[in-house]
2 protein chains.
Amino acid sequence: MNTTIDTPAAARSWTTLRDEKARRLALVEPWLEEGVLPRARIVDALQALVCPGDRVALEGDNQKQADFLSRALAQVEPKKVHDVHLLISSISRPEHLTLFERGIAHRVDFSFAGPQSLRVAQLLEDGQLEVGAIHTYVELYARMFVDLTPRVALLCAEQADRHGNLYTGPNTEDTPTIAEAAAFRHGIVIVQVNEIVDELPRVDIPGSWVDVVVEADRPFAVEPLFTRDPRHIGDLQVLTAMMVIRGIYEPYGVTSLNHGIGFDTAAIELILPTYGAELGLKGKICRNWTLNPHPTLIPAIESGWVDSVHCFGSEVGMEAYIAARPDVFFTGSDGSLRSNRVLCQLAGQYGVDLFIGSTLQIDGDANSSTVTRGRLAGFGGAPNMGHDPRGRRHASEAWLKLMSPQGANDGGASGIARGHKLVVQLAETYKKGGEPTFVEALDAVAVGEKSGMPIAPVMIYGDDVSHVVTEEGIAYLHKAQGTEERRAALAAVAGVTPIGLRADPARTAELRRRGIVAYPEDLGIRRAQAKRSMLAARSIDDLVEWSGGLYAPPARFRSW
Amino acid sequence: MNTTIDTPAAARSWTTLRDEKARRLALVEPWLEEGVLPRARIVDALQALVCPGDRVALEGDNQKQADFLSRALAQVEPKKVHDVHLLISSISRPEHLTLFERGIAHRVDFSFAGPQSLRVAQLLEDGQLEVGAIHTYVELYARMFVDLTPRVALLCAEQADRHGNLYTGPNTEDTPTIAEAAAFRHGIVIVQVNEIVDELPRVDIPGSWVDVVVEADRPFAVEPLFTRDPRHIGDLQVLTAMMVIRGIYEPYGVTSLNHGIGFDTAAIELILPTYGAELGLKGKICRNWTLNPHPTLIPAIESGWVDSVHCFGSEVGMEAYIAARPDVFFTGSDGSLRSNRVLCQLAGQYGVDLFIGSTLQIDGDANSSTVTRGRLAGFGGAPNMGHDPRGRRHASEAWLKLMSPQGANDGGASGIARGHKLVVQLAETYKKGGEPTFVEALDAVAVGEKSGMPIAPVMIYGDDVSHVVTEEGIAYLHKAQGTEERRAALAAVAGVTPIGLRADPARTAELRRRGIVAYPEDLGIRRAQAKRSMLAARSIDDLVEWSGGLYAPPARFRSW
């Protein structure tokens, strides 16, 4: 062998991670009863199991929250546990930020910070919080297998048995992925459960991946984030929904898709059994879905539109309905949903033909963002599904319809063309407060600069967007030739916003003739037709009725 | 509610899938002993559990093969089981195609068909086999949660206990993902195991996901696909490897990466402890890896270069070495590797900064393919890692260095820029047989047309490629302005191939001055320096020695 090379093998230990895990677990071993930690010991246990500077994955998912563990972590002595590097997909609870105020945590890598985004921005400015990066969900999980492997994972499940096997119930979400990243890299896996039982309905995560189980003081927190009350859907949203079905789903033959959450997409779901049926589209479009179990999908399911739904997570109140519809949902032998955020994001990225979502701001190049001034909200899952996946190699009818005739998509003259995902952005030209949605520059650009981010926090990039739909019409951006024509098409549907005012009527007329822009009348839709009466359900009560009483909406959505 | 809507809920059954599963399982129930099927009953059982037209996921992974089950399936009576729609990631065993010859299967969705690709093409031409689509691995798995949910899954593990819990050993690979897709969509999960034991070393898949376990007649088949004997690495490959380290890894600061398999990338792995150490790069580059446990990585691991390796699968002979290096590899409490193809592909797509792989053909626009005439080989995992992931939102030093200064990457003037993954293609200008690697048109284009594929089976698209490295030099394609300059940069490193002959010496000189092309001398590398003596290991025996005797190469690689 070459003699100029480095240190030989024997000089170091190769089991430092495993040894350190054993050392820490030995500290709490005396407190464990059959592997279960008594609830009152949790703060002590965290002080023993978490060390300063550790990377700690805390299960704050999009939906369920390991809130017993996060509340306990916020109570440790900062002298003992400080400068933790927190990995968390959603910063959503007040105590998540208490960790930073108390100095227990300092650095964070995350995906979404909806309700806490103002406080995140403030703590960042005050130097109490340092952001590693803001990710789309799966990116954060990807890095847990690369350079952000967790030293400790604080997880959340419904039940455990005496062997540490876990039952997640319908909100499986991110637990298996984080558990895998930690357990197989010698991290310490601590799980709060609602209860400990003798026999689980099914096993979602094997006990050999789990180190410490603790029964929480109350069931884990989870919010009904994916419930939209049909009462708040207006005629304008019905109009947009009709255009989407008539102008996109039907002509492209969209059978597999993801809907973002919002009243716009809820309107589409609710007119499938009415408008969609009138058009004779049942069985031809919208068969295979990747999305959370939106209650507004119930009428379409009941009417036989939906073959399958794979879910990122679950939705409060949908449990009994899902359990009664196993032909449609992915459920276990116990009858309840098995969701899985990473696998559903993978399905939403590579396995479906269309992503459609609402946005708050779009610029003249169709870049869009839900970031608004002063808030560091993050991305969630949209960037992963709302882009053209360039690793895709299988073709489908819809995907091939976006193939550029000259193969211009791939920037070459080699005769090599490929299709494109339908990436659709929905927006009303003006927001409720009278602010234009179409703007010269995204707020995200200023927010990114102010926060010292290396690039602007754009949610969906314009060059990935194939269609923009507003109450004015549809811009078929993928059909436009060149940047200038794309801009003209976008302006043609941007109403009287600063971007819309750039539109030239003669140019717009030409774009309509060429099918690059379509207004409702071009699609055979009369604006007067677009009424709330077209919604298959016009209230939460209607949804309950559609479900045969199986859907049990949370109290805040009940009007009776 | 609206009265014009569709059928009400009560009219249909919502448990048809679950009922059908119960019906079929009842047929084999009398044969089961504690959930275990006697080996001699397997053909009868498959005839009862698989019905004509079923979608059947057969575990033919990149590495391990459920070969007991595939051999049994090939023995069923075609009168009873026919027209199966096979989902298989690798068509790699003769009996996989016997299924089509006998009419047991007719349609196939797959990812890779290396050794069987000629026969696939022949069966396709004869009309005995119909291809749904050719996918990259994760795409196929994504669709198992959308429109290709399996009715039956035929899987493979090392051990099962009496509760059906599974231990996969180091080749976990695709088993958890396929099991999840089938088990939670009321598919029937049948698993062959090497042995049934009372207690498993660890649980990889919970027993509640498994319906039938059968002990195979012999251990499942697995080939050492990722072993490259250093004896076959020549001086030219050492030269290329030096250029990659000096011209790419060092200046871009590449810390996280994926290496494709091949002698070119093996050479890079083997000169890290020599050339890389001389350059003072230890700890600065190549710390976090996503790849199979290549034996040629041993010297870099032993020299302390490698912080972590997450694996798609395992590699024959590496078991004891991996178990002794838990600081580096993802291993379970039993000590053996936990691999996971989907999670490692996710990590390789979103979590690392660089993909580098060898290719067989490149056209003038840097599109590349390993497809050659007459063969329908498929893609494997390369397309998923060898593209710029447009859903990426986190920044890193390396990624930001590929940001176009004008934000030209995103086709806009909105001041919105983003980085780019390093996607590097390695190739010698001429192949061993004297055929040029750089060609006017990829064979893939003709193969695609002949096979009636809707688009050409391109492995890596040119517009995703950031760098092409040959024995002549490096083309920094991402720095080129416009299509024409990209082509000139590529031609400058394409030697005397048809593409290389297009190069204009004056133009090349200018591209070298501007840093868009670099020849070895531009990087401070003397060609005479590039010798096999620079390899930290020059034989399999050297690798064994580096490993302290822990690496146990398969017989075919032993020379002693």
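Me: In this predicted model, which residue's backbone oxygen does the side chain of Thr437(B) reach?
Reply: Thr437(B) sits in the loop between β16 (422–426) and β17 (438–439) of chain B. Its side chain makes a 2.7 Å approach to a backbone oxygen. A polar contact requires N or O atoms within 3.5 Å. The oxygen belongs to Glu428(B).

Me: Is Thr437(B) buried or exposed?
Reply: The relative accessible area of Thr437(B) is 2%. Buried means under 20%. Therefore Thr437(B) is buried.

Me: Which residues is Thr437(B) in contact with, leaving aside neighbours within four places in sequence?
Reply: Glu428(B), whose backbone oxygen the Thr437(B) side chain reaches, is on the list. So are Ala427(B), Thr429(B), Tyr430(B) and Lys431(B). The others are Thr359(B), Leu360(B), Gln361(B), Ile362(B) and Thr497(B).

Me: Is Ser117(B) buried or exposed?
Reply: Ser117(B) belongs to helix α5 (residues 117–125) of chain B. Its relative accessibility is 1%. The cut-off for buried is under 20%, so Ser117(B) is buried.

Me: What separates the C-alpha atoms of Ser117(B) and Phe355(B)?
Reply: Along the chain, Ser117(B) and Phe355(B) are 238 residues apart. In space, their C-alpha atoms are separated by 25 Å.

Me: Over which ring does the charged end of Arg185(B) sit?
Reply: The ring is in chain A. Its centre is 5.6 Å from the charged end, and the cut-off is within 6 Å. The ring is that of Phe330(A).

Me: Which residue's face does Arg418(A) lie over?
Reply: Arg418(A) is 3.7 Å from the ring centre. The partner is in chain B. It is Tyr461(B).

How values were computed. Residues are numbered from 1 along each chain as its sequence is written. Chains are lettered from A and ligands numbered from 1 in the order in which they are written. This is a predicted model: local features need pLDDT of at least 70, side-chain atom pairs count only at pLDDT 80 or more; totals for chains, interfaces and linings use all residues. Side-chain values use heavy atoms; hydrogens and water are left out. Helices (H or I, at least four residues) and strands (E, at least two) are DSSP runs, numbered from the N terminus. Buried means under 20% relative accessible area, exposed over 50%, partly exposed in between (1.4 Å probe, protein chains only). A polar contact is a pair of N or O atoms within 3.5 Å; within protein, one must be able to donate a hydrogen and the other to accept it, and residues adjacent in sequence count only if both atoms are side-chain atoms. Contact means heavy atoms within 4.5 Å. A charge sits over a ring if NZ of Lys or CZ of Arg is within 6 Å of the ring centre and within 35 degrees of the ring normal.
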